[in-house]
Amino acid sequence: MKKKVAIVCTVILVFLVAVFFLKWDAIFQRGNPIPYLTAAFKLSETNPYVAVDELNGIYISKRGDKDALFQMIQDTYGVELKDQLGSSYLFSDGENNYTISSEIYWGRFTVWMLPKE
């Protein structure tokens, strides 16, 4: 019985290690994944976007869920969405232009990089 448990545990461990090394690039695409995963767990209906690093203007949202974040940007900075340029969005306050860039993260989330103030 102990041999079967040891074999099953070994197989599971080998499988997890293999997945970890095969998906290394995706797991660490933005460096340490822990802050991004911590923020992603905080996403909900009432919190459609969460700051990963507010000081550097990095936010995360579910993929395709940008409306609430854009509304916050428009209200906070007094800007208007003007255009989408690939994975970047151009906002303007009439005098200055600001670019918000995005990146798909793990296929389920979008990481947003806002310009520093």
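Buried means under 20% relative accessible area, exposed means over 50%, and partly exposed lies in between (1.4 Å probe, protein chains only). Residues are numbered from 1 along each chain as its sequence is written. This is a predicted model, where local features need pLDDT of at least 70, side-chain atom pairs count only at pLDDT 80 or more, and totals for chains, interfaces and linings use all residues.

**Exercise 1. Describe the fold order and the overall spread of the protein chain.**

Step 1. Begin with the elements: helices (H or I, at least four residues) and strands (E, at least two) are DSSP runs, numbered from the N terminus. The protein chain has four helices and six strands. Read from the N terminus, their order is α-α-α-β-β-α-β-β-β-β.

Step 2. Now the spread: the radius of gyration is 19 Å, well over the 13 Å that the globule rule gives for 117 residues, so the protein chain is more spread out than a compact globule. The radius is taken over C-alpha atoms, and the rule is 2.2 Å times the number of residues to the power 0.38.

Step 3. Add the box: along the principal axes, the C-alpha atoms fill roughly 75 × 25 × 25 Å. As for burial, 26% of the 117 residues count as buried.

**Exercise 2. Work out how helix α4 sits against the strands.**

Step 1. Find the helix at residues 67-77, where L69, F70, M72 and I73 are buried.

Step 2. Look down the axis of α4: its buried residues fall within an arc of 155°, so they line one face of the helix. The arc is that of the directions from the helix axis to the C-beta atoms.

Step 3. Turn to the face away from the buried side, which carries the exposed residues D67 and D75.

Step 4. List the partners, with contact meaning heavy atoms within 4.5 Å. The buried residues of α4 pack against β1 (49-53), β2 (58-62), β3 (80-85), β4 (88-92), β5 (97-105) and β6 (109-113).

**Exercise 3. Compare the backbone at G78 and W106.**

Step 1. Go just past α4, where G78 takes a positive phi of about 65°.

Step 2. Move to the loop between β5 and β6, the place of W106. W106 has a positive phi of about 60° although it is not a glycine.

Step 3. Recall the background: most residues other than glycine have a negative phi.

Step 4. Finish with the surroundings of W106, which is partly exposed at a relative accessible area of 34%.

Key:
Heavy atoms only, no water.
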